[in-house]
Amino acid sequence: MNIEETIMKIILHSGNAKSDAFEAIQAAKENNLELARECMEKANQELTNAHHVQTSLIQSEARGEKTEVSLLLIHAQDHLMNAITFKDLANEFVDLYETIKR
C-alpha cells in the first residue's frame, strides 16, 4: 500500500467515527439510548482503526523510513484530531440526554 492510500485510510476511519458520533447524538436526542451507545461503540472502533493506521506510519518512521510531510498527511491528522474531539463531546451529549430523559 502506498503512502496516499495509507493516509486516506486515516481520513476514512476518522470521518466514519465523526459520523457515528453525530448519529449517537441524534439517537440520544430521540430517546433511543441503546442505539446511541451502539453508535458510540462504532465511533470508538473507527477511531481505533484510524489509530492503527497512524501507528503504522509512526513505527515506519521510527525504523528510519521517512514519511514526507504533505498537505494530505496534515489533513488526515486534522481529521483524526477533530473526530476524537467530536467523539468525546458526543459522549457527553449522550450522557446528558440519558440523565435528562430519566
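Tutor: A residue is called buried when its relative accessible area is under 20%, and exposed when that value is over 50%, with partly exposed in between. Keep in mind that the model we are looking at is predicted.

Student: Which residues of α3 are buried?

Tutor: Under that cut-off, the buried residues of α3 are L73, A76, L80, A83, K87, A90 and V94. These buried residues pack against α1 and α2.

Student: What makes N31 partly exposed?

Tutor: N31 has a relative accessible area of 43%, and because partly exposed covers the values between 20% and 50%, N31 is placed in that class. N31 lies in the loop between α1 (3–29) and α2 (33–62), and its phi is near 65°, a positive value in a residue other than glycine. In general, most residues other than glycine have a negative phi.

Student: How do you know that the span of helix α3 agrees with what should be expected?

Tutor: Helix α3 runs over residues 71–101, which is 31 residues, and at 1.5 Å a residue it should span 45 Å. The expected span is 1.5 Å times one less than the number of residues. The end C-alpha atoms of α3 are 44 Å apart, so the two values agree.

Student: Why is α1 called roughly antiparallel to α2?

Tutor: α1 and α2 pack at an angle of about 165°, with their axes 8 Å apart. Angles over 145 degrees count as roughly antiparallel, and therefore α1 is roughly antiparallel to α2. The residues of this contact divide into 17 nonpolar, seven polar and five charged.

Student: Why, then, is α1 called roughly parallel to α3?

Tutor: The axes of α1 and α3 come within 8 Å and cross at roughly 15°. Because angles under 35 degrees count as roughly parallel, α1 is roughly parallel to α3. The residues in the contact of α1 with α3 divide into 20 nonpolar, four polar and five charged.

Student: What makes α2 roughly antiparallel to α3?

Tutor: The axes of α2 and α3 cross at roughly 155° and come within 10 Å. The cut-off for roughly antiparallel is over 145 degrees, so α2 is roughly antiparallel to α3. The contact includes L33, A36 and M40 of α2, and L73, L80 and K87 of α3. By class, the contact of α2 with α3 has 13 nonpolar, five polar and four charged residues.

Methods. Residues are numbered from 1 along each chain as its sequence is written. This is a predicted model: local features need pLDDT of at least 70, side-chain atom pairs count only at pLDDT 80 or more; totals for chains, interfaces and linings use all residues. Side-chain values use heavy atoms; hydrogens and water are left out. Helices (H or I, at least four residues) and strands (E, at least two) are DSSP runs, numbered from the N terminus. Buried means under 20% relative accessible area, exposed over 50%, partly exposed in between (1.4 Å probe, protein chains only). Contact means heavy atoms within 4.5 Å. Axes are lines fitted to C-alpha atoms, for helices over the stretch in contact, and angles run from 0 to 180 degrees between N-to-C directions. Angles under 35 degrees count as roughly parallel, over 145 as roughly antiparallel, 65 to 115 as roughly perpendicular and the rest as oblique. Ala, Val, Leu, Ile, Met, Phe, Trp, Tyr, Cys and Pro count as nonpolar, Asp, Glu, Lys and Arg as charged, and the others, Gly among them, as polar.
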